[in-house]
Structure formats: C-alpha cells, structure tokens
Amino acid sequence: MSTALQPALVLRTRPFRETSLLVDIFSRDAGRLHLIARGAKAVRRTRSAKSSGPAPLQSFQEFQMGWRGKSDLQTLTAAEPGPVLLTRPDRLVIGMYLNELLFYLLGEADPHPPLYALYTQTLAQLDADAPLELLLRTFELELFAALGYAIDLSQDLAGNPLRQDQCYQYAPEAGLHPAPANSPNALAGAALLSLHQHGPQDPTALRAAKRLCRTQLERLLGGRTLKSREWYRQAAPPMRKIST
Amino acid sequence: MSHSPLLASLIESLKILPGVGPKSAQRMALHLLEKAPQKAAQLATDIQEALAGIGKCQQCRNLTETPLCTLCTDPRRNASLLCVVETPMDVLAIEAAGGYRGRYFVLYGSLSPLDGIGPADLGLDLLAQHVATAEIEEVILATNLTVEGEATAHYISEQLRAIRPLKLSRIAQGVPTGGELEYTDPNTLTQALAGRKHYA
C-alpha cells in the first residue's frame, strides 16, 4: 500500500544504477526519508517536446509525494510537482545550506511538521528579499528546538534569571554561565534577554544568536564542516558582505 | 555455478560500464574469451593506452592527448568567446549542434554541497586565471538548468565579475523546438515568457 500523497521537498538526489535515483526528502508528515525513485533518471533524458512527463526531482520545489515499502529504502510511487519556492540564483546557496542542516541533523522518519512549515516559509522568504541573517538564525534556533537541543535563554546554569548587566558564556552541553566581559565569546546579558523576549530582531540579539548558533551547530555536527558555508565564505567580495 | 576467480573479476569489471548489468557482463566476458580473444587483447591495450595518454587540456580541461586540446589550438575558433559547461559530453553536444565557434571550459560537475562538491573541485582557479589573462570578451554560462547548475552559474559570474569587466551571458531557457505550449511544464513556460525575444 502506498501512503496518501503528502507535501515534501527534495534535499538531495544521487544516481543509482542505470535509470534510478536515490532521493532524500523532507516530508511534512513523515520527516526525512530515504527513497528510491525507479526510472527517475530516465525521466530527465526522455522528456521530449511532445510529452511533459513527470517533472525532474529538484530541490526547493514542493511535491506531493507518495511512497511504499517496509524496508529502510522505500520506493517513491508518485511525485506531483507543485510550486517552486526558491529560484533566485544568488540565494540558492543559502537554500543548500538549509538542506545540509536538515540532511545531517534530522533523524530518519522523525516527523517535524512545524519545522517543515518554517522550512518552506524560509525558502519563500529567501526568494523574496527578506533579511538573510534574521531568516537563518530563526531557522537554526527552531531547528535546535525541534531536535530537542533548544538553547535555554531563560536562566543560567545555576537556575538564576539572566541579568542585563552581566556577561555570559555558552557551553553547548550545559548552558549559559556568568563570565567576565573580557572572556572569549562573552555574550552580553542584555542581548541574550532581547533574544529571549523578541527573537533575533535587533542587531545585538542577532549577533548573540549568531554566536550561540555557531557553537551549537559545531557540537551537533560533530566536527563535520558544511560545504555550502565553506563555499559561501570563498565567494567574491559582493557575496561575502552578508555572512551565514 | 560459480565463476573461476579470473572470470568473476572480469565480469565484475565490465559491470562498471553504463547499461551493463550482471547478465550482460557475463555475456561480454564469455564473448571476449571465446569468440574474440585477439580483439580482446586489443581492447585491453586500447584501454591502457587511453588511460595513460588522455588527460585534461591545460586551458579548458576538456579531454585531450596533447597539453592543449584541438579546440583550444584551432586558430579559426573565436578566442573572445568562452562557453562554460559541466561535462565533456556537453562540449560534444554543442559541437554536434554546430553554430558555436568559440572555445570552452569544462567544470566536470556543478556545485553541490551535499555531494561534497565545492568551487575547488571545479577548476575555478584555472578558469579565473584564464579569464584574467586571455582576450575573452564574453563568457557564456552553459551549466545545466538544474538547481546546482543555476547556483554554479551564479557563483562563477560573481567570481569573474570581480576579476574584470566582462560580458556574461546565460544560455536561454524556454519552449524546445517542435514543442507545444499545452504540453510545456509551467516552470519552463514561465521562463519562456519572461525571457521572450523581440520579434523583428
């Protein structure tokens, strides 16, 4: 029995045998899945002028997908193309960064419908001219929360509420602890409180969020470097102005 | 019946070819051994010689037996026009179509973070160097019209723009020859309308 069609996006495709593709998807109701799309590679080659045929499986386009099977590798049975959410060439690398995060951090078959909603919304906003840092930090913080690694900004390690005039350091396993203002990676209490209350809105909260997210990501990725970030950093000066 | 070790190894090797599964590989192996041993020896030599003798062109990275390929050394080709493609197959396709008289640069792939492919893997240093020194007026970005191909085209355009002022173009996207609008997918149709040409 196939599942009922449900919305999903492609995170990655890889060629498999002669005509098939291995597809990693992020679906709304079943989370990240690893599927085999039989004959999908042939689709790309044989789409002729006359027949529109099935659309190629591409990232950043929402599909209605169905699959069946019991094993680890289920078979894709349907992929009806829906709207393309992100087409802006200069923002594709950012979308790829989101895909890398989801691919490496989400467990298989672990559903996260709210994160899925945020992902599609973030892609659409990337396509519009939304401020990049805000989008990325919001997504990263939500991703941590969905994975059960939310950063607790309501209190420090000892259980005391954060203070405006105190500086803190963040330890990934434990949490925030008071630290002298000149210590490495010190975060101002005021910025953390603003982040806690209003999200990564004002510039200081955004900077604090960036530090926190980077520390948290390093731990969750366990030493793996993200290619999209490397590539973004190497980009020419006009691209480098905005950082991930 | 299990194969002898040498035969099993040959079958296994033949399976790397596109379109060849276990059954065809077995047929090919037996054919080579039984029916055409001399031609099989020739095939073995050819493969070895090709592997040793064919490399990448120092200028465009296309496959060649000489330091510079015939396309790069041909004086009749327009040296001010450079077409950037993903694979040597793309060069062959454009050459077969005819009509293009410029030169090429082959990337051997496209930027794809989840496959671990970054700028360093695509020979972009060589491309930048080439564009900085050679008399190129226009670079045509002819990477595939996939997400990866678009991202690659954008990345290259940013890199090259930083080197010097240059005309950059992207291959057109739209309804194929013989195509009917009714059967064209919505994305292509949108692109075709957005990229419409003046009708003289």
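Is A:Arg88 buried, partly exposed or exposed, going by its relative accessibility? Keep that in mind for a moment, everyone, and good morning. One reminder before the answer: what you see above is a predicted model.

So, the answer. A:Arg88 counts as partly exposed, at 22% relative accessibility. For that label the value has to lie between the cut-offs, under 20% for buried and over 50% for exposed.

Now let's look at its partners. The side chain of A:Arg88 forms a salt bridge with A:Asp90, at 2.5 Å from N to O. A:Asp90 is also partly exposed, with a relative accessible area of 28%. A:Arg88 has a salt bridge with A:Asp129 as well, and here the N to O distance is 3.1 Å. That second pair ties together distant parts of the chain, 41 residues apart. On one side, A:Arg88 sits in the loop between strand E5 (74–84) and H2 of chain A. On the other, A:Asp129 sits in the loop between helix H3 (113–127) and helix H4 (132–147). A:Asp129 is exposed, with a relative accessible area of 62%.

Next, a pair inside one helix. A:Arg137 and A:Glu133 meet in a salt bridge of 3.2 Å, N to O. Both belong to helix H4 of chain A, four residues apart, which is about one turn of the helix. A:Arg137 counts as buried, because its relative accessibility is 2% and the cut-off for buried is under 20%. Back to our first group: A:Arg88, A:Asp90, A:Arg91 and A:Asp129 are joined into one network by salt bridges that share partners. Over all chains, the structure holds 17 salt bridges.

Let's move to the interface. How many residues of chain A are in contact with chain B? There are 32, and they meet 30 residues of chain B. The area buried between the two chains is about 2500 Å², with carbon and sulfur atoms giving 63% of that.

For charge pairing across the interface, the count is one salt bridge. It joins the side chains of B:Asp115 and A:Arg14, at 3.0 Å from N to O. The interface also has four residue pairs in polar contact.

Which parts of chain A supply that surface? Strand E1 (6–16), helix H2 (92–105), helix H7 (227–234) and helix H8 (237–240) each bring at least two residues to the side that touches chain B. H2 of chain A gives the most, with six residues. By type, the residues on that side of chain A are 15 nonpolar, nine polar and eight charged.

Thanks for listening, and I'm happy to go back to the structure with you.

How values were computed
Residues are numbered from 1 along each chain as its sequence is written. Chains are lettered from A and ligands numbered from 1 in the order in which they are written. This is a predicted model: local features need pLDDT of at least 70, side-chain atom pairs count only at pLDDT 80 or more; totals for chains, interfaces and linings use all residues. Side-chain values use heavy atoms; hydrogens and water are left out. Contact means heavy atoms within 4.5 Å. Buried area is the accessible area (1.4 Å probe) that two parts lose on being put together, summed over both. A salt bridge is a side-chain nitrogen of Lys or Arg within 4 Å of a carboxyl oxygen of Asp or Glu. A polar contact is a pair of N or O atoms within 3.5 Å; within protein, one must be able to donate a hydrogen and the other to accept it, and residues adjacent in sequence count only if both atoms are side-chain atoms. Ala, Val, Leu, Ile, Met, Phe, Trp, Tyr, Cys and Pro count as nonpolar, Asp, Glu, Lys and Arg as charged, and the others, Gly among them, as polar. Buried means under 20% relative accessible area, exposed over 50%, partly exposed in between (1.4 Å probe, protein chains only).
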